[in-house]
Amino acid sequence: MRSAERLLIVLRALNLRNGATVLELNRDTGISRQAIYRILDTLRNFGYVRRQEATDRFHLTHMVRRLSSGFKDEEWIADIAVPILGRLVQEVVWPTELSTFSDNAMYIRESTRGRSPFTIDRVAVGQRLPMLQSASGRAYLSYCPDPEREAIIENLKSSDDDFDQVAHKPDYIERILAATRSRGWAVGDDSFRLHPKTETLAVPVLVNGYARASLPLTYIASAATAEQIAERHMSQLQAAAKEIADRMEEMQARTDDDDDDLIPIREAS
């Protein structure tokens, strides 16, 4: 019983933090680090937890959808994307990421910077990216549902962030979105760079026809233009985005089918 109690405590702590190190779990729960490692190993073996190598943090996976209402789709997407990004960086060499929308911005959820020899910056998982200036944000906005896009832009109008002030320029926004849709991929604005010597382009991850994430590729600006990078690597980037989307659609379908098979709990009469 005590082992089961500890396991549930760790699950709850992971859910509240949405990702944590062993030391953080130790501080949050009072459970020894040795015991936490054993619990995490058990949860990983059953597929409920994954380890993010870049930050040595542990995250819940899509398997906990039936166990915790606190699980977010962003973590589900990241769980699917990890092996796909690993293969992608071997093909294109330039660092790539998975970014998702949250709180009126895009956030890097997974990164291959640690595996790319062309990485020259120290951008970390969790980095915030502005919606209207970053390639990731533009790719997402160009392909998300119209009501969501309108709500995001309206919310950005009340933001104090300097990068969000262009939300007050509808003509500027329309030009960005039109150019992105015409190309099929987005480029960032020169006013926003994660590193002064790099630039980024991004494609949307389209699930059932709408953006659920962005897949950016960062390159050294002096090495090539965005068009040259796109010519060399766009087919691989788009193929990876499609594979992530296809896996997510399949997983959603399986989850929905499994939920239909669940026997409802009846109240005692």
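Two strands are taken as paired where DSSP finds at least two bridges between them. With that in mind, the tour of this predicted model can begin at a hairpin.

**Stop 1: the hairpin of strands 7 and 8**

Select strand 7 (198-207) together with strand 8 (residues 210-220). The two strands run antiparallel and are joined by 10 bridges. To see one of these bridges, pick Thr200: its partner in strand 8 is Thr218. Then move to the turn, where two residues lie between the strands and Asn208 adopts a positive phi near 55°. Colouring strand 8 by accessibility shows that this strand is mostly covered, with eight of its 11 residues buried.

**Stop 2: the largest nonpolar core**

Next, display the side chains of Leu98, Leu201, Val205, Leu215, Leu217, Leu237 and Ile244. Within the largest nonpolar core, which has 30 residues, these touch the most other members. Two or more residues of this core come from each of helix 4, strand 7, strand 8 and helix 8 (226-261). Helix 8 makes the largest contribution, 11 residues.

Centre the view on Leu237. Which residues does Leu237 contact once its neighbours within four places in sequence are left aside? They are Leu88, Thr96, Leu201, Val203, Leu215 and Leu217. Another core lies apart from the one just shown; it has 21 residues, including Ile108, Ala167, Tyr172 and Ile176.

**Stop 3: Thr100 in strand 3**

Select Thr100, which belongs to strand 3 (residues 97-102). Is this residue, Thr100, buried or exposed? Its relative accessibility is 1%, so Thr100 counts as buried. Show the side chain of Arg109 as well: the side chains of Thr100 and Arg109 make a polar contact at 2.6 Å.

**Stop 4: Asp121 and its surroundings**

Go on to the loop between strand 4 (105-111) and strand 5 (128-129), and select Asp121 there. Asp121 counts as buried because its relative accessibility is 11%, and buried means under 20%. The side chain of Asp121 makes a polar contact of 2.6 Å with the side chain of Arg113. Beyond its neighbours within four places in sequence, Asp121 is in contact with Arg113, His195, Thr198 and Thr218. The last of these, Thr218, was met in the hairpin as the bridge partner of Thr200.

**Stop 5: aromatic pairs**

Now display the aromatic rings; the whole structure contains three aromatic pairs. One of them is formed by Trp94 and Phe118, a tilted pair with 4.6 Å from centre to centre and 50° between the planes. Trp94 is in the loop between helix 4 (73-92) and strand 3, whereas Phe118 is in the loop between strand 4 and strand 5, so the pair ties together parts 24 residues apart in sequence. Trp94 is buried, with a relative accessible area of 9%, while Phe118, at 37%, counts as partly exposed.

Phe163 and Phe192 form an edge-to-face pair, 5.2 Å centre to centre with 85° between the planes. Here, too, distant parts of the chain are linked: Phe163 lies in the loop between helix 6 and helix 7, Phe192 in the loop between strand 6 (186-187) and strand 7, and the two are 29 residues apart. Phe163 is partly exposed, with a relative accessible area of 28%; Phe192 is buried, at 15%.

A ring of another setting can be found by selecting Trp185. The charged end of Arg183 sits over this ring, 4.9 Å from the centre.

**Stop 6: Asp162**

Select Asp162 in the loop between helix 6 (146-156) and helix 7 (170-183). With a relative accessible area of 68%, Asp162 is exposed, since exposed means over 50%. Draw a line from its C-alpha atom to that of Pro130: the separation is 9.6 Å, although the two residues are 32 apart along the chain.

**Stop 7: helix 5**

Move to helix 5 (residues 135-143), which is mostly covered, with eight of its nine residues buried. The buried ones to select are Ala135, Ser136, Gly137, Arg138, Ala139, Tyr140, Leu141 and Ser142.

**Stop 8: the whole protein**

Finally, zoom out. The protein has eight helices and eight strands. Of its 269 residues, 47% count as buried. Among contacts with a separation of 6 or more, 57% are between residues 24 or more positions apart.

Terms used. Residues are numbered from 1 along each chain as its sequence is written. This is a predicted model: local features need pLDDT of at least 70, side-chain atom pairs count only at pLDDT 80 or more; totals for chains, interfaces and linings use all residues. Side-chain values use heavy atoms; hydrogens and water are left out. Helices (H or I, at least four residues) and strands (E, at least two) are DSSP runs, numbered from the N terminus. Buried means under 20% relative accessible area, exposed over 50%, partly exposed in between (1.4 Å probe, protein chains only). A polar contact is a pair of N or O atoms within 3.5 Å; within protein, one must be able to donate a hydrogen and the other to accept it, and residues adjacent in sequence count only if both atoms are side-chain atoms. Contact means heavy atoms within 4.5 Å. Rings of Phe, Tyr and Trp (its six-membered ring) pair if their centres lie within 6.5 Å; planes under 30 degrees apart count as stacked, over 60 as edge-to-face and the rest as tilted. A charge sits over a ring if NZ of Lys or CZ of Arg is within 6 Å of the ring centre and within 35 degrees of the ring normal. A nonpolar core is a set of buried Ala, Val, Leu, Ile, Met, Phe, Trp, Tyr and Cys residues joined through side-chain atoms within 4.5 Å.
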